[in-house]
Amino acid sequence: MDHSYQQLANNLQKQINARTYLPGDRLPSVRELAKDHGLSLETVLHALRILENNGLVDAKVRSGFYVREPKLQSVATPNKTATVFRAKDVTLSLLRHQAVTFGTSKNIVPLGLSLLSSEVLPTRRLAQTLSSVARRYPKETSNQAPVAGMESLRQQLAQRASNWGCFLSPDDVVITCGASEALHLALRAVSHRGDIVLVESPCYFGTLEIIESLGLRVIEIATDPREGVDLPELESALKRFNRIAACLLVTNASNPLGYTLTSRIKQNLVRLLSRFQVPLIEDDIFGELHRPETERPKVAKSFDEDGTVILVGSFSKTLAPGLRIGWMVPGKFRDRILQLKSATSLATPSLPQLAATEFLKFGSFDAHLRRLRGFLADQIYRFSSAIAESFPPATRISRPSGGFLLWLELDADFDALTFAASALNRYRIAVVPGNLFSAGGERYQNCFRISCGHAFSPRFAEAIATLGKLACSREARTHDK
Ligand SMILES: Cc1ncc(COP(=O)(O)O)c(C=O)c1O
C-alpha cells in the first residue's frame, strides 16, 4: 500500500480531533497499531513521527506516544474567589435585564446567554413530537395538568433519577415552568423576606435576581475554580449568621465556573447543612452535560437522609429552552411547594409535558445527550484555544468539567462593563460581564463569561479575535476612563 503511513497518520489525527484520545492519553503502542492494522513497525513509526512533527503527539522514551496537551494548558485557571461575610441586598435587575435583552437580539454574535444553538438541539424531532402528541391526545393537551405535573412525565424522571444516584417515585417529583420557577418556589418555601441565602461566588445571575425579587439577602461563599464551594468557609458562615434560610448551589458543571463537586464533597455538604438544619437547594441543570469521558455525576440529593435537599432540574439545556419544562424533587417541603405552585401558576402547560414524556420514552434522548456532550467538549476546546491565542497572556480561563460556559479572568484593571458595552455596540458581540455574578454588581469587574453553545465557525473565530484585540486595548482598562 502506497502512503499507508500517511493514511494511518490521518486516521489517528481524526481520532485525536474527535477526542477518542484526550490530551495526555497514550496512543496504542507501535506494536499494537502494526498488528491491528496489518502494517509494518516502520510504517507505524513513520505515521507517528508525522503526528509528532505536526505538534499533535509527544514521544516519551520507552513509554510511547502521548496526545499533546493543547496550548491552552499554559493558560492559568481563574483565582480562588473570596467569601463576603456580609449579608447583602441584591441589586442586579437592571444589569441583568440589559444582558438578556442584548443577548437575544438578532444579528448579534451570541456569546452571552447560556443558550444552545437550535442546530445542536433536536429541534425538528421535538416539533414533530409536539404536533403528533397534540393530534393523538387532544383532551390531555387542552385539559389542565395536575398541580404536581403529569404522572407520565414524573414517572419518566423518577426512572432517570436512578442514574443521578436517587431512588425516586413519581410522587417525589413536581413539574415546573423551567428551573427558574423551581428555584423560585424552593426559595419561597423555605424563607421569609430579609432572610439570608448562602450562594457560591461567582453565582449565576438568574438566581441572584430571583433572590432579589423575594427580598432576600445573600452571603457569597468562596469557591475554587476546580473544587467548587469552600466548605470551611460555608461552615463559618453557618456559625456566624442566624437568619440563614437556605444554601443554593449549582453542584454539577456550575454556572459560571464549570466545576463539579465530587461525591465526597457533596456528601460532606449535605451533612454539614443538615447539622445546621439549613435546606440545600441543589440546581442540577447542567448535570447531564458532563464531559463525555466521565460518568454522569451524582446529585447531592442522593445523600439526603432527612428530606432537606430540594433538587432542581430542567430540559432547557438539553432539549429546548422554549419548552419551559423543569422539575424539582422537593423532599419534605412538597406540600408547601404544591401550595405555592398552585397559587403561582396553577399548573405547568400540558402540551410541553406530553412532548417531553414522549421524547424521554421514544425520542432517543440518551443518544442525543451522548452526541451533545461530545459536541460541547469540542466547543469548549475550540473556543478556549482561540481565546488563548488572541487574549492578553495573563488571561486566566476556566476548565469546565461540563456544560458550555467559559469564565475569563483578566488583569485587575480590566473593566468588564466597558468591554461588554463596546463589544456589543461596536462589534455586535454579546458577552456577560462578571459584575452580574455578584449581588451588588461590584465584584468580578475584571471577569466575563462566554457561552460556547454555538458551533465554532469563522464567524465565531473572528468574534473571539475581535474580543481579544479589544481586551488588549487601553479602552477596556479602568485607569483610562
Ligand atoms: C444555573 C442555572 N439555573 C437555572 C437556569 C434557568 O433555567 P430554565 O431555563 O430551565 O428556567 C439557568 C439558565 O441559564 C442556569 O444557568
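These legends accompany a set of views of one predicted protein model.

**View 1. The whole chain, at a glance.** Let's start with the overall picture of this predicted model. The protein's secondary structure amounts to 16 helices and 18 strands. Along the principal axes, its C-alpha atoms occupy a box of roughly 75 × 60 × 45 Å. A compact globule of 481 residues would have a radius of gyration near 23 Å, and the 24 Å of this protein agrees with that. Of the 481 residues, 47% are buried. Take the contacts between residues at least 6 apart in sequence: 75% of them link residues at least 24 apart.

**View 2. The domains of the protein.** The domain assignment lists domain 1 as 4-69, domain 2 as 73-79 + 367-480, and domain 3 as 84-90 + 122-363. If you want a distance to orient yourself, the centres of domain 1 and domain 2, taken over C-alpha atoms, lie 33 Å apart.

**View 3. The surroundings of the ligand.** Zoom in on the ligand and you will find 14 residues around it. The closest are Gly 178, Ala 179, Ser 180, Ser 314 and Ser 316. Helix 8 (residues 178-190) supplies the largest share of this shell, with three residues. Sorted by class, the shell holds eight polar residues, five nonpolar ones and one charged residue.

**View 4. An open sheet of four strands.** Here the strands follow the order 14-15-18-17 and pair in antiparallel fashion. Strand 14 (396-397) and strand 17 (432-433) are the edge strands; each has a single partner strand, so one side of each has no neighbour in the sheet. As a reminder, strands of a sheet pair through backbone hydrogen bonds, and the pairing can be parallel or antiparallel.

**View 5. The pairing of strand 17 with strand 18.** Moving to one edge of that sheet, strand 17 and strand 18 (residues 447-451) run antiparallel and are joined by two bridges. For a landmark, look for Val 432, which sits opposite Arg 449 of strand 18.

**View 6. Strand 11, covered on both faces.** Which residues of strand 11 (residues 280-283) lie on each side? Leu 280 and Glu 282 are on one side, while Ile 281 and Asp 283 are on the other, and all of them are buried. Alongside, strand 10 (residues 244-250) runs parallel to strand 11, with four bridges joining the two. Asp 283 of strand 11 turns up again in this pairing, as the bridge partner of Val 250.

Technical notes:
Residues are numbered from 1 along each chain as its sequence is written. This is a predicted model: local features need pLDDT of at least 70, side-chain atom pairs count only at pLDDT 80 or more; totals for chains, interfaces and linings use all residues. A residue is near a molecule or strand if its C-beta atom, placed from the backbone, lies within 6 Å of it. Ala, Val, Leu, Ile, Met, Phe, Trp, Tyr, Cys and Pro count as nonpolar, Asp, Glu, Lys and Arg as charged, and the others, Gly among them, as polar. Domain bounds come from an automatic or database domain assignment. The radius of gyration is taken over C-alpha atoms; the globule rule is 2.2 Å times the number of residues to the power 0.38. A residue is buried if 20 or more other C-beta atoms lie within 10 Å of its own, exposed if 12 or fewer, and partly exposed in between; C-beta atoms are placed from the backbone. Two residues are in contact if their C-beta atoms, placed from the backbone, lie within 7 Å. Two strands pair if DSSP finds at least two bridges between them.
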